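Let's take a friendly walk through this structure, with the sequence and the 3D view side by side. Here is what you will be looking at.

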Amino acid sequence: MPGKVFIVGAGPGPADLLTVRAVEALRAAQVVLYDDLVSAEVQGLCPASAELINVGKRCGKRGNSQEQINALMILHARQKRAVVRLKSGDPAVFGRLGEELDALREAGVSFEIVPGITAAAAAASAAELTLTDRRYASALVVLTAHNARLGDQMRQRTPFNPERTTFAVYMPGPDYGKTARELMERGIDATTPCAVVSKACRRDQKVRFLTLAGLGSAHGIIAPAVLIVGRVANKEESLECLLAERGIFNAEARRHGEGLVIG
Ligand code: SAH
């Protein structure tokens, strides 16, 4: 019998945002295949004796192909080693989990999926907003601006009322203007509030509140970032108190369409 593969969600970065089950799997790991966005802090929970292999392939840099990653999981499982496939956030959200599960099933390798905190949830906590605040939103749509055109994902006959929908856009950059245009072409109003959350839940997280129209001229957004679009991201009401409380409002940045910055 081959060993079991634990497919573990690493969450947004901090180790204390892992599940207890994820920590147990990491502590027992002999081989860990991890993606680029998995933080050093989370990697640090693996035993010193474990073999850590970066199988990431970020931003067009050459990395392992999906087939190679599948083959590595199967190879190590067949050697009866305790394998952890460690993915940022939640493994089931934009993580190519489907292809990996198909490969494991086909090879007869058993697996267990350990969920993690996905970027949209992390961003909501960083920006102190409610993704489905019932006063402003009745749907949450999770989509990516990368590798697929937004238009393909948001067909004309969307069942959602865009005014009462929150869109969580993963991989929204680097061309934020294009992402904004595509959303507007799909009927989302240019004045719709947005929050861009960089490195959510990490020490250097940054939150910017702006509008869809202002998104194109926002600069200096550091990856990884997730874009929350919808009325739930409207910080106008709380703006005054934030200004007073934290003194972080940058009038210059706002003139350039960057909105409120929380660093
Ligand atoms: N499985 C992951 C998503 C992987 S796709 C999850 O559930 O979160 C990678 C994208 O996730 C990034 O381009 C970015 O849009 C988002 N992301 C991952 N970690 C993030 C973080 N700490 N802060 C903001 N966005 C993040």
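A good place to start is M171, which sits in the loop between strand 7 and helix 7 (176–185). Please keep in mind that this is a predicted model. M171 has a positive phi of about 50 degrees, although M171 is not a glycine. With 35% relative accessibility, M171 counts as partly exposed. M171 also belongs to a nonpolar patch on the surface, together with F94, L140 and V142, and the four have about 310 Å² of accessible area together. Of these partners, L140 lies in strand 6 (residues 139–144) and is partly exposed, with a relative accessible area of 35%.

Strand 6 also holds T144. Is T144 buried or exposed? T144 counts as buried, because its relative accessibility is 7%, and buried means under 20%. A polar atom of the T144 side chain lies 3.3 Å from the backbone oxygen of Y170.

**Unusual backbone spots**

Most residues other than glycine have a negative phi, and most peptide bonds are trans. The places below depart from that pattern.

| Place | Backbone feature |
|---|---|
| E128 | positive phi of about 55 degrees |
| M171 | positive phi of about 50 degrees |
| G173 to P174 | cis peptide bond, omega near 0 degrees |
| A223 to P224 | cis peptide bond, omega about 0 degrees |

P174 is found in the loop between strand 7 and helix 7, and M171 is in that loop too. P224 is placed in the loop between helix 8 (212–215) and strand 10. E128 comes just after helix 5, in the loop that leads from helix 5 to strand 6. E128 is exposed, with a relative accessible area of 52%.

**Inside the protein**

Which residues have the most contacts inside the largest nonpolar core? They are A127, L129, A195, V197 and I228, in a core of 20 residues. At least two residues each come from helix 5 (119–127), strand 7 (165–170), strand 8 (193–198), strand 9 (206–211) and strand 10 (225–229). Helix 5 gives the most, with six residues. A second, separate core has 19 residues, including L143, V169, I188 and I221.

Helix 5 deserves a closer look. Its buried residues are A120, A122, A123, A124, A126 and A127. What covers them includes strand 7, strand 8, strand 9 and strand 10. An α-helix has 3.6 residues a turn, so residues three or four places apart point the same way. A195 shows some of the contacts in this region: leaving out residues up to four places away in sequence, A195 touches A127, L129, R208, F209, V226, L227, I228 and A233.

Another buried residue to find is L18, at 11% relative accessibility. L18 is in the loop between strand 1 (5–9) and helix 1 (20–27). Apart from neighbours within four places in sequence, L18 is in contact with G9, A10, V23, L26, V42 and L45. The C-alpha atoms of L18 and G116 are separated by 6.6 Å, although these residues are 98 residues apart along the chain.

**The whole chain**

Stepping back, the chain has ten helices and eleven strands. Of its 263 residues, 47% are buried. Among contacts with a separation of 6 or more, 70% join residues 24 or more positions apart. The accessible surface comes to about 13400 Å², and 51% of it belongs to carbon and sulfur atoms.

Methods:
Residues are numbered from 1 along each chain as its sequence is written. This is a predicted model: local features need pLDDT of at least 70, side-chain atom pairs count only at pLDDT 80 or more; totals for chains, interfaces and linings use all residues. Side-chain values use heavy atoms; hydrogens and water are left out. Patches are made of residues with over 30% relative accessible area and no salt bridge: like charges are joined within 9 Å, nonpolar side chains (Val, Leu, Ile, Met, Phe, Trp, Tyr) within 5 Å. Accessible areas come from the Shrake-Rupley method with a 1.4 Å probe; for residues, only the protein chains shown count as cover. A salt bridge is a side-chain nitrogen of Lys or Arg within 4 Å of a carboxyl oxygen of Asp or Glu. Helices (H or I, at least four residues) and strands (E, at least two) are DSSP runs, numbered from the N terminus. Buried means under 20% relative accessible area, exposed over 50%, partly exposed in between (1.4 Å probe, protein chains only). A nonpolar core is a set of buried Ala, Val, Leu, Ile, Met, Phe, Trp, Tyr and Cys residues joined through side-chain atoms within 4.5 Å. Contact means heavy atoms within 4.5 Å. A polar contact is a pair of N or O atoms within 3.5 Å; within protein, one must be able to donate a hydrogen and the other to accept it, and residues adjacent in sequence count only if both atoms are side-chain atoms.
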